[in-house]
Every structure is written in C-alpha cells, then in structure tokens.
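Me: Please take a close look at the cysteine chemistry of this structure for me, and relate it to its surroundings. I would like one long, connected answer rather than a list.

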Amino acid sequence: MTGKHRTPPRTLLLRKPYGLRYAVMAGIAAAGCCALQLPAVAGSTAAGATARNAVQTGPVSSTPATGTPKLAATGTTETVRQLVQCGGTMYAVGSFSKIQRFTTTYPRNNIFSFSATPGFKVTSWAPDVNGEINSIVFNGSNCNDAYIGGQFTSVNGVHARNIAEIDTTTGALVPGFAANASEKVDTLLVVNGHLLVGGTFTSINGSTANPYYASVSPVTGKDDGFLHLGIAGHYVFHGVKRNGTEVYNQQLSHSGKLLLVEGDFTKVGGLGRQQIFMLHVNQTPAKVTGWSSPEFDGSKGEIPGGYPYQCGDSHPFYIHAAAWSPDDSTIYIADTGIHTWNWDGTFPMPGLCDAAAAFPANEKEVLHEWIANDGCDSLYSVAADDSAVYVAGHNRWFPNGDACNTRGPGAIPAPGLAGLAPGATGGSLILNSKGKAGLYSRSRGHGADDMLLTRAGLWIASDNFGGNTSCGGVSGYAGICFLPYS
C-alpha cells in the first residue's frame, strides 16, 4: 500500500479504520470502539472496572499465537472493527461474511465469538446482523447479554436500528431494550451503571436531548441524563472536506474515574474542545475536566504565535485513539492527518499529524511530553502497558519526522505495528534483536482499527486489504492477531 490515506465514505459497510477503537466496557476484559488499557477479564474489564488487575510486564511477544480465527478470503476487503473479552470468550465485530480457523470456514454476519484461550475455537454463536458493527460491550461481568452499535437495521430479521442488546446464547434481541438510533453508532461503554453511546445520531430511543453522545439505561435503552454535554460544532479551515459532529471513541481510566472521548466537535460542556476531551465520570452528571492542549484544541491559535493544531484538509478529525498509562499519569494518542494543513514543506514535520504522542494527564492545559512521527502514515489504534506503547496503522517507519511518504534520515522499518518506549521521556522505537528494525510488524493493509490488552497479551483487529495477512512476519492472520505475554 502507498502512503496515501484511506478515507472512504462512512456510509459504506467497509468503514474507514479509525483506530483503536477500544469500545470500553466497565467490568469486562476488552477494548473500541475503540481504546483501552489492560482490562480485567469478566470479572475483569475492557476499559476500567471496580476490580482491576495489575498490569502485565512486557513487552508482548513479537511472534503471534497459532490457531486464532481469521477473515476468510472472499474476494472483497473485510474488516474486524473491535475485539472484546467477556469471561473466557472473545467477541469480534466488524464488516465480514466468513471466518476461517485452520481449514474450516464459518459463515458469520459481522459478529462471532471464539475461545479466548488456546486453541481459540470458534463457537456456534452466529447472530445475523445485516450491517457493519462498530462496537460491542458488556455490562460488568454479565456475559449473558451484549450491546452492539454500528450501521444496521435488523438482528435475526427483527428490526433494530444501529443499536441493540443481544443474547449471547441465542443471538436474539433482548426484550425491553429500545433499539433505535437515528444514525450511526461508533462507540459503546458501560460505566457505573450507564451505557454511554457515541456516534453521528441526533436521536436515540425517542430522545433528542443529547445528540452525538448519550447515556442510556442498560435495561431500557432510554436516556438517563448522566451525559448532558451539548456537544456541537465541526472543523472549518481552508479547503477542509465536509465533516459533521461526531463522537467516535472513548477510553476509561484504570481508576474508573476519568474518561477520554475523541471525535469531531468544537464545543463540549460549554467549553472549547477539539479532537479529544476528558470527563469526570465519578459524579452525576459527568463533567468536562480542565485537561486539554492548545496543540489540538486551537485555544492559542495557529502558528506563528500559536500551535499547528489542524491537520491536512482531508483529515479534519485526526486523533482517533487514546490510551492511559497503567498508572493513569500519561495519555498516549494515535493520529492520522498526513501533515498540518498549511505545512510549508520544511522539516522536521510540525504538529501531531500522523504521529503518536504522550501528554500528561493533569486536569489542566498541557503540552506534549513527546511526539513520534512516522512520516505521513496514519495511525488508528494505541494501547499501553508498563513496557511499551503499542501503535498500529499503515505506518512504515519510526522515527520519521524529517520525511513525508519516504524514508527519511534515521528512520527505522516498523511496518503496521510499532512498540514505543513509554513514559514522559519515551517515544523511541523498541528494536528487534538485530537492532535494524522495530520489534513488531504486521501487514499494513488499511490499518488496525483496534487493539486490546488483556492479562494474556495484545489482540489486534485489522483487515485483509490486498490479501496481505502477516503478523510478526508470519502469514495467515487476516483480521486478527494475538501477541501473548511471555
């Protein structure tokens, strides 16, 4: 694949891989849409829960485990959007029609499950969802029912529009939960008894009170008022492509008290916020914190005198994923964007575009601790443990801040997946034993929509674009790769 950025219309079933969507669930081991840290396993969580496990020491192995399911070759590009664990079972959602494990093929319509432990056997569970699923989440340690969100109109032939609760035994809709969002659902998260729903919808289950980001009852699906942020606005600058207000991704802190939210907006809770904001979720209603940065919110204006906070005109929304450090002191982000919209062609490359970065998690205005550029290749997902910050997309090199779409001086190969040194002074590429390339690699494809850290290791959700299916230099991992802890 070339270094050009992939931005197909979001109305297509094949959704653009906007990244680490660790869709987070409080109380289950998972990650969504969207981004997330090391979850507990049910009795665990995907993005935070009351009982949390100690973060594993790493980094994870660079060699993938054998026997994991994969996207079957169908002649079309298909995608796994998110992976979530509940109890001993992994759940995968996205846009696909067939799954393969070894030589056996299983028809599956955009959702399936398999054992979370070797040998990763595919279950018989096969709900019929007639459109792409972007996010799946569970309510605490209850693995009997799952919530799904995306772009669909029915489940097993029964009307359900873009959001639904489904039985994990029968695949049927759960009675009593309203299932109607006016537009696409991108991300789901359960925290403190609230199901947080983000997307492009302006009404959900009969309520227009909280467009784009609403909190609904996990029992009824009705708006419960926990979120009332008045999210509005979209990005406007020279030549920018058409874009609309949207909440795309969210990640709960390990403490369960703070939440990061990414999307396309300019006003949140009456405050100026762009790309990403932080919420207090240990109070009712949830409240926007003081955490932000002029490097992405525009509060200090453009250069000169300010910061290059707007990326390429085709990528007005560019912070697609974030992750908390294990101690919640640092926030890592993964960005698309090509380069700043008014870049003058000189190096080093300015701004956060097509880069990973670290920011302190202090609840005030902050500046970056480090930025790791990859030279105009998009990053879509990020995860972190004590030993590494894992970033994935269609990257080719790190560090590569002195070039765009070519290998610059000092750049080291790190295709598709990279491990960066964590912490406030991190950002350097973790090398393989020969010191000539990054420790990790995978087929770049369109990107990697999601990464999930569990106590067992790192799960990566991606696509089969171009028929390239390798992970760690081993072929046969289309859509799903698992890198275990030693």
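Reply: Cys-471 is buried, and Cys-481 is buried as well, where buried means a relative accessible area under 20%, exposed means over 50% and partly exposed covers what lies in between, computed with a 1.4 Å probe and the protein chains only. The model is a predicted one, in which local features need a pLDDT of at least 70 and side-chain atom pairs count only at pLDDT 80 or more, whereas totals for chains, interfaces and linings use all residues. Residues are numbered from 1 along each chain as its sequence is written, and side-chain values rest on heavy atoms, with hydrogens and water left out.

These two cysteines, Cys-471 and Cys-481, form a disulfide with their sulfur atoms 2.1 Å apart, a disulfide being a pair of cysteine sulfur atoms within 2.5 Å. The link of Cys-471 and Cys-481 is left-handed, with -75° about the S-S bond. The pair links distant parts of the chain, since Cys-471 sits in the loop between β31 (457-461) and β32 (480-484) while Cys-481 belongs to strand β32, 10 residues apart; here helices (H or I, at least four residues) and strands (E, at least two) are DSSP runs numbered from the N terminus.

A search of the whole structure finds four disulfides, and another of them joins Cys-311 to Cys-353, with the sulfur atoms 2.0 Å apart. The torsion about the S-S bond of Cys-311 and Cys-353 is about -100°, so this disulfide is left-handed. The pair links distant parts of the chain, 42 residues apart: Cys-311 is in the loop between α1 (294-297) and β21 (319-324), and Cys-353 is in the loop between β22 (330-335) and β23 (355-360). Cys-311 is buried at a relative accessible area of 0%, and Cys-353 is buried at 1%.

Cys-376 and Cys-404 form a further disulfide, again with sulfur atoms 2.0 Å apart. A torsion of about -115° about the S-S bond makes the disulfide of Cys-376 and Cys-404 left-handed. This pair, too, links distant parts of the chain: Cys-376 lies in the loop between β24 (370-373) and β25, Cys-404 in the loop between β27 (397-398) and β28 (412-413), 28 residues apart. The two ends of this link fall into separate burial classes, for Cys-376 counts as buried at 2% relative accessibility, whereas Cys-404 counts as partly exposed at 21%.

The surroundings can be followed through a residue of strand β24, Asn-373, which is buried with a relative accessible area of 13%. Leaving aside residues up to four places away in sequence, Asn-373 touches ten residues' worth of surroundings that include Cys-353, Asp-354, Trp-397 and Phe-398, contact meaning heavy atoms within 4.5 Å.Strand β25 in turn belongs to an open sheet of three strands, ordered β25-β26-β29 with antiparallel pairing, where two strands pair if DSSP finds at least two bridges between them. The edge strands of this sheet are β25 (379-384) and β29 (417-420), each of which pairs on one side only. Neighbouring strands of the sheet are turned by 20° against each other on average, direction ignored; axes are lines fitted to C-alpha atoms, for helices over the stretch in contact, and angles run from 0 to 180 degrees between N-to-C directions. Strand β26 (residues 389-393) pairs with β29 in the antiparallel sense over four bridges, and Tyr-390 stands opposite Gly-419 in β29.

The wider setting is a protein chain with one helix and 32 strands, in which buried residues make up 63% of the 486 residues.
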